[in-house]
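Dear colleague,

I am passing the structure below on to you, together with some notes on what turned up when I went through it. Please read them alongside the coordinates.

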Amino acid sequence: MEKKEIWGFLDGKSEDFSRLSDEIWNHPETCFEETVSAELLCKALEKEGFTVEKNIAGMKTAFIGRFGHGKPVIGFLAEFDALSGMSQEAGLAEKKPMEGCKNGHGCGHNLLGVGSLAGAVGFKRYLEEQEREGTILYFGCPAEEGGSGKSFMAREGCFDGLDCALCWHPGDFNKVMNASCLANYQIYYHFKGISAHAASAPHMGRSALDAVELMNTGVQYLREHIIPEARVHYAVTNTGGFSPNVVQAEAEVLYLIRAPRNEQVEEIYRRVNKIAQGAALMTETELEIDFVKGCSNLVPNDTLCEVMYQNLSNIPLPEYTEEEMEYIRKLSITMPPYAAGMKAKIQAVPKERIAVETRKELLAQSGDPVYRFVLPLGPSNTVVPASTDVGDVSWNTPTVQCQTVTWPAGTPGHSWQAVTVGKSSIAHKGMLLAGKVLAATAIDLAEHPEIIEKAKEELCTRLAGAPYQCPIPPEIRPRSISK
């Protein structure tokens, strides 16, 4: 059975996939609260002949769809959570929040979960038609944004026994993602002081808000003395009320610490803790350090990247109607020019990966409002300044992911533009392309088990004997940071 037959099979189901993605878009649910979205995907899996196990790793919105038996065991990773504060109506070229809704799919996870489903369904069709052995595991992974659901799943051994894992992500270009990314920790720092009248008895009070401000100032000075690849972000989540004549008895700040490797995050975390403790000493307040979640750096796999890249290059890219192009052009006007950033990506591709004429052709398209080419594979020794809990999967099994065009060129992730385009035919076409790439990659791995063995050897080499250690302590339970 040729891959083209699988692509045609998925084309025939495209309307079903689009409707499902749109329905998830209509119910934007955040970190560990994706009850409607998870149920929609579970029902879709059961309809396609998968058995579904729910409430995985202590998370009510985590689940696993299973089909088949024997080797290879291929995992398809799915996400479906939205972002808070990203409310936006669909199909517009202007910012307009939806009434009665505060959340939105600003990272395209409504597309991500369904695209992975399409890949799993396509691979299932292949196994059935060829009467081959093989096990498909579709992992419904909640709370990628702010919760690291996959990290909790990895801690509980959910990915043990996988031969490899496949994933994708919506974006503004077609590319196999063969770089690493940043590990991170997320921590609340709660300060408790003593309230008092700020005019008549300020000496009787101990300000928790002062502690937060002193801590933030200390961390500002720390930034000069950590590795330049690290990132330290914060949000003051409780300022102690809105009465300036009351010394604030409670205040808190939420920190996100990132670095290229887990041990580097741990080192910075310990230093930030000391600054928090110093702020508590200076203000005579009490400090509670409340670890929320963490995720590991991603371990790239050149072996799997080559296979996925060949499939992405061989599948015809979507074509756009004039109506779609007009919408793309209108939306592009709302964003700053992105050509310089894309030119840098193209120039970074090693000479051996791309012919001179091809490079010129791609550079000529770098200013287009939508990218209609596949970006050649770049070096896998680079680090993308972002984080994903896919990293924890990649420590446990060879993992690969691609990106396909679902947005106009230059669309920032976590933006209203990413939300508004999420139900468009443009997004649907990119989602279906991703499903075809995932299915085709799984087929190659089933037909050539030696690729899987080579990928496993590469993973062992990259880890250099280091065992996986989940960055989330065993006593920490999954929870929404909005609670």
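In which hand, left or right, does α2 pass α4? The crossing of α2 with α4 is right-handed, and I should say at once that this, like everything below, refers to a predicted model.

To take that helix pair further, the axes of α2 (residues 14-25) and α4 come within 8 Å and cross at roughly 150 degrees. Since angles over 145 degrees count as roughly antiparallel, α2 is therefore roughly antiparallel to α4. On the α2 side the contact is made by Phe17, Leu20, Ser21, Ile24 and Trp25, and on the α4 side by Asn110, Leu111, Val114, Leu117, Ala118 and Val121. Sorted by class, this contact has 9 nonpolar and 2 polar residues, with no charged residues.

Helix α4 (residues 109-130) also meets α1 (residues 3-12), where the two axes come within 10 Å and cross at roughly 130 degrees; α1 and α4 are therefore oblique to each other. The crossing of α1 and α4 is right-handed. Here Ile6, Phe9 and Leu10 of α1 meet Ala118, Val121, Gly122, Arg125 and Tyr126 of α4, and by class the contact of α1 with α4 has 6 nonpolar residues, 1 polar and 1 charged. You will find Ala118 and Val121 of α4 listed in the contact with α1 and again in the contact with α2.

Turning to the interior, the largest nonpolar core has 117 residues, and those with the most contacts inside it are Phe76, Phe123, Tyr189, Phe191 and Met215. Helix α14 (residues 425-447) gives the most to this core, contributing 13 residues. There is also a second, separate core of 12 residues, which includes Tyr327, Ile328, Ala418 and Val421.

Finally, a word on Gly378, which is placed in the loop between α11 (356-365) and β14 (383-384). Gly378 has a relative accessible area of 21%, and because buried means under 20%, Gly378 is classed as partly exposed. Leaving aside residues up to four places away in sequence, Gly378 touches Asn178 and Pro350. Tyr327, named above as part of the second core, is 51 residues from Gly378 in sequence and 31 Å from Gly378 in space, taken C-alpha to C-alpha.

With best wishes

Technical notes
Residues numbered from 1 in each chain as written. Predicted model: local features only at pLDDT ≥ 70, side-chain atom pairs only at ≥ 80, totals over all residues. Heavy atoms only, no water. Core = buried A, V, L, I, M, F, W, Y, C linked by side-chain atoms within 4.5 Å. Buried < 20%, exposed > 50% of the residue type's maximum accessible area, 1.4 Å probe, protein only. Helix = DSSP H or I, 4+ residues; strand = E, 2+ residues; numbered from the N terminus. Axes fitted to C-alpha atoms, helices over the stretch in contact; angles between N-to-C directions. Parallel < 35°, antiparallel > 145°, perpendicular 65-115°, else oblique. Left-handed = near helix turned anticlockwise from the far one by under 90°. Contact = heavy atoms within 4.5 Å. Nonpolar A, V, L, I, M, F, W, Y, C, P; charged D, E, K, R; others polar.
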